[in-house]
Amino acid sequence: MNRMDSRVSKKHCGRLTSDARSLPVTNATHDSIISRRQLLQQAGGGAGSLALAALMAGESRAARPFHAPQNTHFKPRAKRVIWLFMHGGPSHVDLFDPKKALDEYAGKPVPDSFGAVMTRRDVARNPLMPAVKPYKKFGESGLPVSTMLPEIGSCADDLCVIRSMHGDSVNHPQSVYQMNTGSILTGRPSFGSWLAYGLGTENQNMPAFVVLPDPRGGIKGGPPAWGSGFLPAAYQGITIRPGEHPILDLKPQPGVKADEQLKTLKLIQDFNHIYARQQPHDDELEARIASYELAFRMQTEAPELVDISEETDATHKMYGLHQPHTSDFGRRCLLARRMIERGVRFVQVYSGDTGGWDAHRHVINNHGQNCRETDLPVAGLLRDLKQRGLLEDTLVIWGGEFGRMPMSEQGNGRDHNPWGFCSWLAGAGVQGGRAIGATDDIGLRAAVDKVPVKNFHATILHLMGIDHNQLTYYHNGLEKRLTGPSDAELVEEVING
Amino acid sequence: MLVLTLVASTLFVGQQSLGQENSSELFKTDVLPILKAKCAKCHNADAQKGELNLTDANAILDGGESGAVISTDDPEASLLWEYIESGEMPPEKSPQLTQAEKDRIHQWIKSGAKTGAEANRQQELTQLDILPILQLRCTVCHGTRVKEGDLDLRSVESILAGGKSGPAFIAGNAKESLLLKRVHAGEMPPKQQLVRVSVKPVADSEIKLIVDWIASGAKTVEIKEDVANGKPDPLISDEDREFWSFVPPVKANIPTAKQSAKARNAVDYFVMAKLDELGLELSPEASRRTLIRRLYFDLLGLPPAPAEIAEFESDTRPDAYERLVEKLLASPEYGARWGGYWLDLAGYADSEGLQESDRFRPAAYRYRDYVISSFNRDKSYARFVMEQLAGDELADYTDPENVSQQVYENVIATGFMRMTIDGTFAGITGFVPDRLVVVGDLLQVYTSSMLGLTMKCAKCHTHKFDPIPQRDYYRLAAIFKGALDENDWLIPIREGSEPGQRDRFMTLAPTEERRAWQAEHDRIDSEISKLESDLESLRQATTNRLEKERLERLPETIRGDVATALATVDEKRSEIQKYLAEKFADTITLDPAKLAEVDEDFKKAEESTTNQIKSLNNSRPEELLVRALWDRGAPSPTYILKRGDYLTPGRPVGPGVPSILVPDNRPLKVQPGFEGSPGTGRRLALAKWMVEEDHPLTARVMVNRIWRYHFGQGIVRTLDDFGIAGARPTHQELLDWLAVEFMEHGWSIKHMHRLMLLSATYRQQSLIRDEHLDKDPENLYLARMSIRRLDAESLRDSLLSVSGLLKKEPFGKPDTVTRREDGLVTSNGQNGGWRRSIFVMKRRTEIPTILANFDRPRMSPNCIDRVTSTVAPQALQLLNNAQVKSWAESFAARVISEGGNTDAQRISYAYVLATSYQPVESELEITQQAIDKLRVAWKTDSPDMNDEELTAKVYTNLCHALFNSASFVYVD
C-alpha cells in the first residue's frame, strides 16, 4: 500500500496546528468567527472585485479585500490559466494516445488478461476498435497527434500530454464535477473558485474566474461545475457570453435612458451617503457604496472586454473567426486571451454542448466535427499567446472529464472511460513535445504513473505557486482542501521534466 | 479486522527473507515489552484507544482506526514508526520512549517488522471477518426482507441452517461448501441483478477470506457489540469531562451592575456586568421607529406598514412595546420567519440535489409546513426535537384508519432526517458507499443543528480536538440504523405499487383528512359510475330504437317473423327462423359496442361521457404521501469503519450517544416506542436523552441560536461547535441562565424571545461610537446593537411587500421557478403576485438569482449560519433587473394612489413604506431636487408624455432608487 495512502491525512483537521495558522493563504472565516471587517473583506467579489478593493485599500481601517492579489507559497511558473474543457469525453486513443495493439486486436474482444472492465453501457465484451484516423508525428519532438488535429499537431513541441489520467466515475456529471471540483458530488468549490480564493485577481477591475460556456447548450452537471461550493459566493465563476449581455443584469432595461440612470444612481448614492453618515463607523456601508460605483463602471467596461472588433484581421484569422465552423470556439478562445491579458486569473472555455464529445456512435463523425471546430482556434490561441510572450507564464490545459473505451459501441462509437485518458498542458515553462505516463497496451487503463484527478489539481496549483496542502478553508468542522481529504501527490514529471 | 493486513502478509509468504525470524524474535524479546510498558496504558485490549491494541502480536497486525500500523512490505512506512519518530506518541504527559527503546523499535522495523503471528493469521479468522462481506454482497436477497431460496446469510447459524439446497457451507471443507461453489461458478451474486440492487461483485480477496475461514474450521467467537456499560470509559478522562460545555448548565445568581437602573430584566444584568469590566455602558434606547422596524424584521422578516408604525408611535400606554412584541409573536408570519431559520439547519430542499436532474421531492413541503406551524404554536422545543428525531416511535402510526393530527405530525416531523442530498434513487448511484454518504450527511445535520458538536471527524479517526473516539461516531450511526440501514435501503423516489416497500414514502394523513380524501375519491367513483350507467342505458335504448327502426324498414309481412326469429336463441330456432336470422342479422342487429359508428347522437354522448370521466379522474386528489423516516426493525450490525472505509470494517458497536456527554457512562436505554412497534426504539432513546434536563448541550445550543438571530452573533459564535475547537462563550453565565430558564419554562421558544426582546440590551441604538471601536470593535459585548443587512428572503419579501405584490398565502406546494437561458432564475408569480420566499421551490440547482445574490446558500447538507457579502452583482440586479424594475413600478403606483397629492407627501410615504422612517430634511431636499430634475429630463426626452405618465415614470425612478438605498436594505 502506498505510504501516503496508508493513513488519514491529518492536514484536513489541522485547525489548531501552528502550520495552519501561519499560511500565507489565510482564511477569512476561520473558526467561523467573523468580524465585521472580515465580512467586509467579502465585499468586492462576484462579477467584479473590481475597483472596490482598490478603493478600500486607500482606507486605513480596511483589511485585505477578498480579491486582492495574494502572495503565493513559492515562486509561481504560471500566473494565469486557460482551461479548454472538451465536454463529453474526447477519445484519448483516437487523438493523443496511439495504440498499436488496437490494430492487432481489431475486431476481437478485450483479452482476458486485462480482467473485468466496468463500463457504463455494458460494452466490456465488444470488439476492440482501432483509432478512427491515422496518427502523425509532429514537430521536432515527433509527438504523435491524430491527423484530425493537424493545427494542434503543429504545436506539438509545446504540448506535454499526460496519458495516464484517472477518474472515479463512469458518468458525465460526476466526472465533470470531479475534474472541476475534485469531488464526484455536486456542490464543492470548483478549481477556479479555489484559485480566486487563494490568489485573488491581478486586476481589481476584473473578476478572477470567468467561464465561457458553449452557447449551444449547458454541460452535463450544469453550473455547479463552476460554483463556489462552501467558499463565499464571491468566488464563483462568472459566466460571460459574447454579445451585448455578457453578464447577468449588466445593462439597464431597454428604454432606460442614460440620463435617467445617472440621475437615479446619483439619488441612490445620495441616499447611501446620508445613511452612512448616520452610521459613521460602519465599513460595510462604505463597501456597499463602492459596490454601486463598481457596478456602474462595469456597465461600460465589460462590453469593451467582449468587443473583439479592435483585434486585427490577422488575429481573427489566427483563431478561425473567418470561417463559420471555427468562429464560435475561436471567438471564445480569443476572448480568453483578452481576459487573461487584462488580469483574469482563470478562464475556462467549454467546447461541446450537452452532448459534446460524447461519441457513443460514429466516433469519426462526432470527433471529426468537434476537432474541426476546435483545432484551429486552440492552435491559434497557443500561437497567439506565444507571439505575445504570454505563454511563458500562462498555463493552457486541454482535456475532458474522461476518455473513451478502446472497444466499440454500436459498431463505431465508444463508451466512457475514466480509468485511463489524456489531458495536455502547454506553457508556463512546462517542457513540451513529450508524453508522460501511459495507459496499458490497448488504452483501457492508466498503467504507468497513474495521475488521479487530485494529483492533476495539486500539480496545476503547484505551477501556480500554491502548495495544495496549504490552500484550505474551514467548513463544517473541517479544514477543507481542493485535493483532500486524502493525500495528493505532485506529478513530478510535469514540473521537472 | 484482518482484511488488509492478511492480504499484505499472504503476499509476503512466498518471499520470506532471512531477517524474518530474527525480526519476530526481536519483537518478542524487545519490542513487545517496550510497547507494553510505554503504550499499553491507552492501547490495551480494553481501552483500545484509536481502536488500537499494542499488547498482542495479532492485535498489532489488526491495526487501528487508520488501518494497518505496520507495513510489512515497506517497514519504513509504518504508521507506528511515523508516530514515534514525529514525537506524537507517546503523548506529552506520558512516560516517553528512551533513545535506546526507539532504536530497538527502529531496528525491528528495519528487519521486516515481523511479530511472528503472520503465519497463523488464517487461523485467527472468525465469522466477524466474513459476515460483513456477506452482508455487503449477499444479504439484499438472502437476508432481512427477502430470503431467496429460503437462505439467510446474516448469521453463522442461519448460514449453517442453509436454504432449500442445504447448508451453505461445511466447516473445514471449502471445496464442498455450497456458498463458495456458487460464488466460484459466477452464479452468485447474479450479474444481471447487481446494478439493480446496487451490489458489487465479490472481490477475489474477499473470496479468499471466506475460503480460508471455512478451510480453517469456520471459527466463531461470541459477538459482543460495544456499548456503554456504566463503568468508567477508558477513552474519556475526568479532565475531558471538565470542559465547560460538557458540564450541565446551572443558573448562576444574577450579577449586579453599575448601571442597574437601566436594566429591564435579567439579561441586562449579565450583559452590563461584562460591560462594566470593559468600561462600557449600554447605549440609549432607540427610537420607536427603529424599534418597530427592528422587531418586524426580527420576528416576521417583513417591514411594518405605515399604519402599524403610526399606531405604535401613538400608543402611549406604558407597555406599548411589550404589546407590540406580543402582537408580532402571535402573527402567522412569525412562523414563516423563524421556521425559515430551522429549515436552513435541516437543509430543507424540494429536490434530491444530486446530478443534473436534481429530482423533485414531491412531499417535502409537508415538513416545511410542519416546522412553520410548530413555531407559530410555540411547540415546546423538547417536543419539537423529539418529533423530528423519533416521531415514528412516539406513538402508533401503523393503523392508517386511525391517525390523529398528533400522530400525523410525528411522522411528518421525521422529514427532518430525509432532507440530505440523496442520489440513491438509481441502482448505479445507490451503492453502499453512496448510502453511507447519506447517513453521514444526516449525522452531520443532526449534530450541527441540535447537538452542537462536530462529529464528522470521528467518522474516519478519533476527533483531533474533542474527546470523541471513532467508536462514538459509529454508536451514533447504529442509533439511526433501524431506519437508515445501508444494507437495507429505501430509495428516495416513489417506486413500486405500495408506498414504503421500496421507497421512503408513507401514505398517511390524519383520519379526518384521510376520510375527506376517501370521500372525494368515493364521490368521483360514484359520479363516474353514474355517468357510465347512464351511458349504458342510453346505449341500450338507442340500440333498441335503431333496431326497431331497421325492422320497420322491412316489408310488413315478414317483420314479425324476423323479429321473432332474431329474439329466439339459436338452438330453439326452427329451420325457417334460422334462415331468417342468418339473412337479416347483419341488417337488423347492432353491436352495442360499435354504436357510435352508426349513430351520431350517441357518438357525441359517448365522447362527452369519456371526457367527463377523464376530467373527473384528473381531479382526483393525489396520493397522501409523506416523506418520512421510520424504524423498520432488524437493523444490520454496525461496525467501526477503519478510516471511514466501508471495505475495512472493524469491531461491531451497538447504539449509543457520545460518551463525553454521559458522565456516568450509563448505557442507552432502548425500548420499542409502543406496543406492536416494528422499530427498535433506538432513536426514541436518543430523543429522550436529548431533552433530559441534565443534557449539557441541547438547551444551550438552541438558546444560543435564538440569541444569534436577535443580536447578530451567538454568545458562542460557533453555533454548531461547542467543543474544544469552537469559540468560548462571551457570556457563559448568561447562556447557562437562559438555558436553564428555557427548560424551566417548558422549552418555550417564545419565552426566550420575550426575555431577549424586552431587555434594554435589545432596545439599544446601533450607533457606533469611538469607545466601541476602541474597546469592543466586533461588538461582542453589546454596548450597542449591530446594524444588519436583510437576509436574502427578507429582502425579496420586502421588495414584494412594499410594492403591494406580496401574497400572504401560506403552506402547500411550493411555487415553481424558471431558469432562463442566460442563467437567471426567478420564481413564478401567480395572478400578478408572489408568495413569501419560504414558499418558493427550494431546488438545490435552481436558487432564484435574487436569493443567491444575497447569500442564500445551497444546502450542503445544511446551512449553519448565513454569511453576508457585499458584491457588485447585488447592485447590478437591484439596478437593472427587469423584475425588480417592474416591482418598482408597482411601488410607484401605490405611492401615487395612496401617498397624497403633493411631492412632499408622496416622498414621505414612499420613504416610510420602504425604510419605515420619515425622510430627514436633507433627504427630502435631495429627493425633491432629483424628482424635479427627472421630470425635466423625461419631459425633454418625451414631450408628448401626459402628466400622469410623467408622474409614474418619475416615481418609478424614485422607488427604484429607494429599493437600492442602504436604509431599505439595512436594519438599524
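A residue counts as buried here if 20 or more other C-beta atoms lie within 10 Å of its own. Keep that in mind for these close-ups, which all come from a predicted model.

**View 1. Helix 9 of chain A has a buried set of residues, E260(A), K263(A), T264(A), L267(A), I268(A), F271(A), N272(A) and Y275(A).** The cover over these buried residues includes helix 10 (283-306) of chain A, along with three helices of chain B: helix 37 (921-941), helix 38 (947-963) and helix 39 (966-969). Helix 9 takes in residues 258-278, and its 21 residues should span 30 Å at 1.5 Å a residue; the end C-alpha atoms are indeed 30 Å apart, so the two agree.

**View 2. Zoom in on K263(A), which sits in helix 9 of chain A.** Is this lysine, K263(A), buried or exposed? K263(A) is buried, because 22 other C-beta atoms lie within 10 Å and the cut-off is 20 or more. Which residues does K263(A) touch, once its neighbours within four places in sequence are left aside? They are A930(B), K933(B), L934(B) and A937(B).

**View 3. D249(A) has a positive phi, near 55 degrees, without being a glycine.** Most residues other than glycine have a negative phi. Look for D249(A) in the loop between strand 6 (238-239) and helix 9 of chain A. D249(A) has 26 C-beta neighbours inside 10 Å, so it counts as buried.

**View 4. A cis peptide bond runs from G484(A) to P485(A), with omega near 0 degrees.** P485(A) is in the loop that links strand 17 (478-481) to helix 15 (492-496) of chain A. For the wider setting, chain A has 15 helices and 17 strands, and 60% of its 497 residues are buried. Take the contacts in chain A between residues at least 6 apart in sequence: 75% of them join residues at least 24 apart.

**View 5. Chain B has a cis peptide bond too, joining M89(B) and P90(B), with omega about -10 degrees.** P90(B) belongs to the loop between helix 4 (79-85) and helix 5 (99-110) of chain B. Most peptide bonds are trans.

**View 6. Domain 3 of chain B meets domain 4 of chain B through twelve residues on the domain 3 side and eleven on the domain 4 side.** What kinds of residue does domain 3 of chain B bring to this meeting with domain 4 of chain B? Seven are nonpolar, three polar and two charged. The C-alpha centres of the two domains lie 35 Å apart. Both domains come in two stretches of sequence: 260-335 + 699-775 for domain 3, and 380-509 + 627-690 for domain 4.

**View 7. Helix 13 of chain B, residues 288-300, reaches 17 Å from its first C-alpha to its last.** That is close to the 18 Å expected for its 13 residues at 1.5 Å a residue. Ten of those 13 residues are buried, so helix 13 of chain B is largely enclosed by the rest of the structure. The buried residues of this helix include R293(B), R294(B) and D298(B), as well as L291(B), I292(B), Y296(B) and F297(B). Just past the end of helix 13 of chain B comes G301(B), with a positive phi of about 75 degrees.

**View 8. Helix 20 (residues 432-451) and helix 21 (residues 470-480) of chain B cross at roughly 100 degrees, their axes coming within 11 Å.** Angles of 65 to 115 degrees count as roughly perpendicular, and helix 20 of chain B and helix 21 of chain B are therefore roughly perpendicular to each other. Helix 20 of chain B makes the contact with V439(B), L442(B) and L443(B), while helix 21 of chain B supplies L476(B), A477(B) and F480(B). The residues of this contact are six nonpolar, with no polar and no charged ones.

**View 9. H751(B) sits in helix 30 (residues 749-757) of chain B.** H751(B) has 16 C-beta neighbours inside 10 Å, so it counts as partly exposed. H751(B) and D378(B) are 373 residues apart in sequence, yet their C-alpha atoms are 8.9 Å apart in space.

**View 10. N665(B) is not a glycine, but it has a positive phi of about 55 degrees.** Its place is the loop between strand 4 (649-653) and helix 27 (682-690) of chain B. With 16 C-beta neighbours inside 10 Å, N665(B) counts as partly exposed.

Technical notes
Residues are numbered from 1 along each chain as its sequence is written. Chains are lettered from A and ligands numbered from 1 in the order in which they are written. This is a predicted model: local features need pLDDT of at least 70, side-chain atom pairs count only at pLDDT 80 or more; totals for chains, interfaces and linings use all residues. Helices (H or I, at least four residues) and strands (E, at least two) are DSSP runs, numbered from the N terminus. A residue is buried if 20 or more other C-beta atoms lie within 10 Å of its own, exposed if 12 or fewer, and partly exposed in between; C-beta atoms are placed from the backbone. Two residues are in contact if their C-beta atoms, placed from the backbone, lie within 7 Å. Domain bounds come from an automatic or database domain assignment. Ala, Val, Leu, Ile, Met, Phe, Trp, Tyr, Cys and Pro count as nonpolar, Asp, Glu, Lys and Arg as charged, and the others, Gly among them, as polar. The expected span of a helix is 1.5 Å times one less than its number of residues. Axes are lines fitted to C-alpha atoms, for helices over the stretch in contact, and angles run from 0 to 180 degrees between N-to-C directions. Angles under 35 degrees count as roughly parallel, over 145 as roughly antiparallel, 65 to 115 as roughly perpendicular and the rest as oblique.
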